[in-house]
Amino acid sequence: MNNPSNKTQPLTITPLYVGRNEDVSMANVLYAQGREDRIDVSVYMFVIEGGDSPIVVDTGTLSPEYVTTHHPYKFVRDDESEPATVLRRHGVEADDVEIVVNTHLHWDHCSNNALFRNAHVLVQRKELEYAINPLPIHLRAYEKLPGLQAPWMVAWDRTETLDGEAEIAPGVTVVPLPGHSPGSQGVVVDTDTGRYLIAGDTIGVYDNWNASDWRDSVPATIHTSLFDYYETFERMAALDCEVIPSHDGRVLAKAPFGK
Ligand SMILES: [Zn+2]
């Protein structure tokens, strides 16, 4: 639609940085590792370009004021890293985005779905069901709290559920990655420089993933099933992709992917 010649380019993936949670314990990220290291947890929107229209994977958080009021994090973001600004600077018009994928419905992955007024928002059915009725320990992650509206609800009229794997555009396939949450999903993208997996919080930082042996990978501290999680690790190994974590500051040095 935005490409009148109907010619597509090789696909690329660009992480757009939209703020960070500062000084977070590694124990919040790596399950049962007891690490004393502290890290900054970056937040990204990922943009896949080269097809008919840009695809956005995850949409980040609301303002630092909102985040620090409702979550136990020191979230910082300067004006330059505000989602609409970052998109514009990258050359993507939010109105041109026809597909948004939420890897899952935790607050830091879907809070700007409203920016993309013309997009279908793709979520696994199991994730939506869990977001409506999470276990008590996960209520805050979904912002299912008195007086708050869960962030995914702002695009409720445009939200569509998927049941399992789905090719959503040529070379772009959504794959279920349950474990961190029941309906976590990743996005596999075939590019000229190889195949990548945008992994969502299944792999929050590079330390979660061991590419040489999936058995040595480490689940996220937040999870709903370790059984699912290890099946997901095994499945990821079979996908044979370069894995892109959701919150690792180091991805920016490697980006863009596919060029
Ligand atoms: Zn999450």
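Is alanine 211 buried or exposed? Select it and take a look. Alanine 211 is exposed, with a relative accessible area of 67%. Keep in mind as you go that this is a predicted model.

**Stop 1: around alanine 211**

Alanine 211 sits in the loop between β11 and α5. Now add cysteine 241 to your selection. Along the sequence these two are 30 residues apart, yet from C-alpha to C-alpha the gap between alanine 211 and cysteine 241 is 9.2 Å.

**Stop 2: the zinc ion**

Stay with that loop for a moment, as it also holds aspartate 201, between β11 (194-198) and α5 (226-239). Select the zinc ion and show the side chains around it. Its protein donors are His104 through NE2, His106 through ND1, His180 through NE2 and Asp201 through OD, at 2.1 to 2.2 Å. Along the chain, the donors are spaced as H-x1-H-x73-H-x20-D. Histidine 106 belongs to the loop between β5 (99-101) and α3 (107-110), so pairing it with aspartate 201 links distant parts of the chain, 95 residues apart. Try colouring by accessibility here: histidine 106 is buried, and aspartate 201 is buried too. If you check the geometry, the angles among the four donor atoms run from 91 to 165°, and the site is irregular.

**Stop 3: the seven-stranded sheet**

Next, switch to a cartoon view and pick out β4, β1, β2, β3, β5, β6 and β7, in that order across an open sheet with mixed pairing. Which strands stand at the edges? They are β4 (74-76) and β7 (159-162); each has a single partner strand, so one side of each has no neighbour in the sheet. From one strand to the next, the twist averages 25°.

Zoom in on β6 (residues 120-124), which runs parallel to β7 and is joined to it by four bridges. Leucine 122 stands opposite glutamate 160 in β7.

Now bring in the helices. Helix α2 (residues 83-90) packs on the sheet and touches β1 (12-25) and β2 (38-49), with its direction at about 150° to that of β1. Helix α4 (residues 125-132) lies across β6 and β7, at about 80° to β6.

**Stop 4: the five-stranded sheet**

Move along to β8, β9, β10, β11 and β12, which make up an open sheet in that order, again with mixed pairing. The edge places go to β8 (166-169) and β12 (242-244), each with a single partner strand, so one side of each is left without a neighbour in the sheet. Here the twist averages 30° from one strand to the next.

Select β9 (residues 172-176) and β10 (residues 185-191): they pair antiparallel over five bridges. Threonine 173 has valine 188 in β10 as its bridge partner.

**Stop 5: the nonpolar cores**

Finally, go inside. In soluble globular proteins, nonpolar side chains tend to be buried together. The largest nonpolar core has 29 residues, and those touching the most other members are Val56, Leu87, Val97, Val100, Leu105, Phe116 and Trp152. Two or more residues each come from β1, β2, α2, α3, β6 and α4.

Centre the view on valine 56. Beyond its neighbours within four places in sequence, valine 56 contacts Met45, Phe46, Val47, Val97, Ile99, Val100, Val101 and Phe116. Your last selection is a second, separate core of 23 residues, which includes Leu11, Phe46, Ile99 and Leu162.

Definitions and conventions. Residues numbered from 1 in each chain as written. Predicted model: local features only at pLDDT ≥ 70, side-chain atom pairs only at ≥ 80, totals over all residues. Heavy atoms only, no water. Donors = N, O, S within 2.8 Å, 3.2 Å for Na, K, Ca; no water. Tetrahedral: all angles 85-135°; square planar, octahedral: opposite > 155°, others 65-115°. Buried < 20%, exposed > 50% of the residue type's maximum accessible area, 1.4 Å probe, protein only. Pairing = 2+ DSSP bridges. Axes fitted to C-alpha atoms, helices over the stretch in contact; angles between N-to-C directions. Contact = heavy atoms within 4.5 Å. Core = buried A, V, L, I, M, F, W, Y, C linked by side-chain atoms within 4.5 Å.
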